[in-house]
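Colleague: I should like to go through this structure step by step, as one would with a first-year student. Could we begin with the terms and then turn to the sheets, the charged pairs and the pocket?

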Amino acid sequence: MSIPIKIAGIGFQVPETVITNDDLTKILDTSDEWIKTRTGIEKRHVLSGNESAVQIGIEAASKAIEKSNIDVKAIDLIIAAASVETHAYPSTACEVQAAIGAENAACFDITAACSGLIYGMGIARAFIKSESAKTVLVVATDAISRCLDWTDRASCVLFGDGAGAMVLTVSDDNQDDIIAIDLKAEGHLGNFIKMPIPGKNCPLVQPNDEEKMYVKMDGKEVYKYVVTKLPGYIEECVQKSGLKMSDIDYLVPHQANMRIIEALEKRLDFDSSHVISNIQDYANTSAASIPIAIVEAVQSGKMKLPCSAILTGFGAGMTVGTTVVRLREGIA
Ligand code: ACO
């Protein structure tokens, strides 16, 4: 018999410092009006001083663990979806493990950019179903503001920092909360969003130029790809779940651009009051955007639990992850 999975708790944390669109006009030739009408974004949170992606990841993880009511020592795997890590190693997952005291957990990081939370859920599910783990913590956190070219107005206005976390465990009532999940990648489209890591050859081989680590994005191509491909991928996953689109209560898309979210809403014929979005306050927080959107929507009363929902993420790779889930009362 297939082991049923419970989504036991979700948490998030953002840094305190807020930068508005108007603030950005001090360093860029841009305007609040341009950013708002093209993206829906009004402000974003960014790390400052000694704050780090690991630190906000730990806070998000602690909140998810508290909601899930599990003993931290019961966590036997931590997966961090962290594309912009504090260190290449130790992994973000190891750093979170040490801070929360999850001493029985194996730890590793994955790179799936903004699809990272859903990729993490897919891996967690496979570990639990194969009895390789019973309780898995997925932490999605990035310090993307530290890897933006703050002179490139076409990319830097789009992002913000944040962390989200989810605890998945064996269900105690036979209900499987992950009804269907589907992970996709189109590596041939890798040039759409890239963050090169400047490595240096040995100086005896060739002299090196100083290069910085920046996000480089072809926003137009990303936009076209997502609005063309994502609706079909979502329909495929819903079909796999055995449900009808009209049976599903909420759509929680990755928060990359309000126009993309509206295009999805229209194409999938979803009532806008059931499409969860908070991009105006956080911008694109990469893999953290879906858990941040869920917790905020539950806390504000926009999302009523228990419910069913489609969670869908897309990002560099290109990667896409979609899942149809049940979200229980008390998880956020
Ligand atoms: N302020 C003012 N003007 C700007 C800005 C800005 N911040 N950015 C670009 N412009 C200008 C451009 O220079 C251009 O000027 P020009 O006509 O004189 O050449 C004009 O605005 C139009 O630019 P476009 O690139 O055509 O603008 P577009 O309507 O395509 O919007 C945007 C750009 C917002 C980036 C859009 O393409 C988009 O959101 N794409 C999706 C990006 C995305 O989802 N990324 C996240 C992926 S997830 C991950 O893994 C990281």
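Modeller: A residue counts as buried under 20% relative accessible area, as exposed over 50%, and as partly exposed in between. The model discussed here is a predicted one.

Colleague: Is Lys240 buried or exposed?

Modeller: The relative accessibility of Lys240 is 52%. The cut-off for the upper class is over 50%. Lys240 therefore counts as exposed.

Colleague: With which residue does the side chain of Lys240 meet in a salt bridge?

Modeller: In general, side chains of opposite charge can pair when their charged atoms come close. Here the distance from N to O is 3.7 Å. The partner of Lys240 in this salt bridge is Asp182.

Colleague: How many residues apart are Asp182 and Lys240?

Modeller: Asp182 belongs to strand β8, whereas Lys240 belongs to helix α7 (residues 219–241). The pair thus links distant parts of the chain. Asp182 is buried, because its relative accessible area is 14%. The separation of Asp182 and Lys240 along the chain is 58 residues.

Colleague: Where do Lys224 and Glu221 lie, and which residues do salt bridges with shared partners join into one network?

Modeller: The side chains of Lys224 and Glu221 form a salt bridge of 3.2 Å, N to O. Both residues lie in helix α7, three residues apart, or about one turn of the helix. Salt bridges that share partners also build one network, and its members are Asp182, Lys184, Glu236 and Lys240.

Colleague: Is Lys224 buried, partly exposed or exposed?

Modeller: Lys224 has a relative accessible area of 47%. Its partner Glu221 has 28% and is partly exposed. The value for Lys224 also falls between the two cut-offs of 20% and 50%, so Lys224 is partly exposed.

Colleague: Why does the salt bridge of Lys6 and Asp172 tie together parts far apart in sequence, and how many residues apart are they?

Modeller: The two side chains meet at 3.5 Å, N to O. Lys6 lies in strand β1 (residues 5–13) and Asp172 in the loop between β7 (162–170) and β8, so the pair ties together parts whose separation in sequence is 166 residues.

Colleague: Which of these two classes, buried or exposed, applies to Lys6, and which to Asp172?

Modeller: Lys6 has a relative accessibility of 18%, so it counts as buried. The relative accessible area of Asp172 is 63%. Asp172 is therefore exposed.

Colleague: How many salt bridges does a search of the whole structure find?

Modeller: The pair of Lys6 and Asp172 is a salt bridge, and so is the pair of Lys224 and Glu221. A search of the whole structure gives a total of 14.

Colleague: Let us turn to the sheets. Which strands stand at the edges of the open sheet of four strands?

Modeller: This sheet has mixed pairing and the order β8-β13-β12-β11. An edge strand here has a single partner strand, so one side of it is left without a neighbour in the sheet. The edge strands are β8 (178–185) and β11 (250–253).

Colleague: In which sense do β8 and β13 pair?

Modeller: Strands of a sheet pair through backbone hydrogen bonds, either parallel or antiparallel. Seven bridges join β8 to β13 (residues 319–327), and Leu183 stands opposite Gly321 in β13. The sense of the pairing is antiparallel.

Colleague: Which helix lies across β8, β12 and β13?

Modeller: The helix runs at about 120 degrees to β8. It covers residues 116–129, and its name is α5.

Colleague: What is the order of the open sheet of five strands?

Modeller: The pairing in this sheet is mixed. Its edge strands, β1 and β5 (106–110), each pair on one side only. Between β1 and β7 there are eight antiparallel bridges, with Ile7 opposite Leu168 in β7. The order is β1-β7-β6-β4-β5.

Colleague: How many residues of β1 are buried?

Modeller: Helix α10 (residues 289–300) lies across β1 and β7, at about 90 degrees to β1. Strand β1 is mostly covered, and the count of its buried residues is nine of nine.

Colleague: Finally, which element gives the most to the lining of the largest pocket?

Modeller: The largest pocket holds about 1,100 Å³ of space. Of the 47 residues that line it, the closest to its centre are Ile144, Phe159, Ile193, Val215 and Met217. Elements that each supply at least two lining residues include α2 (32–39), α8 (258–267) and β12. The element that gives the most, with four residues, is α7.

Conventions:
Residues are numbered from 1 along each chain as its sequence is written. This is a predicted model: local features need pLDDT of at least 70, side-chain atom pairs count only at pLDDT 80 or more; totals for chains, interfaces and linings use all residues. Side-chain values use heavy atoms; hydrogens and water are left out. Two strands pair if DSSP finds at least two bridges between them. Contact means heavy atoms within 4.5 Å. Axes are lines fitted to C-alpha atoms, for helices over the stretch in contact, and angles run from 0 to 180 degrees between N-to-C directions. A salt bridge is a side-chain nitrogen of Lys or Arg within 4 Å of a carboxyl oxygen of Asp or Glu. Buried means under 20% relative accessible area, exposed over 50%, partly exposed in between (1.4 Å probe, protein chains only). On a 1 Å grid over the protein atoms alone, a cavity is a set of points where a 1.4 Å probe fits but cannot get out, and a pocket is an open set with protein on both sides within 12 Å along at least five of seven lines; lining residues have an atom within 4 Å of a point. Grid points are joined across faces, edges and corners, and a volume is the space filled by probe spheres set on the points.
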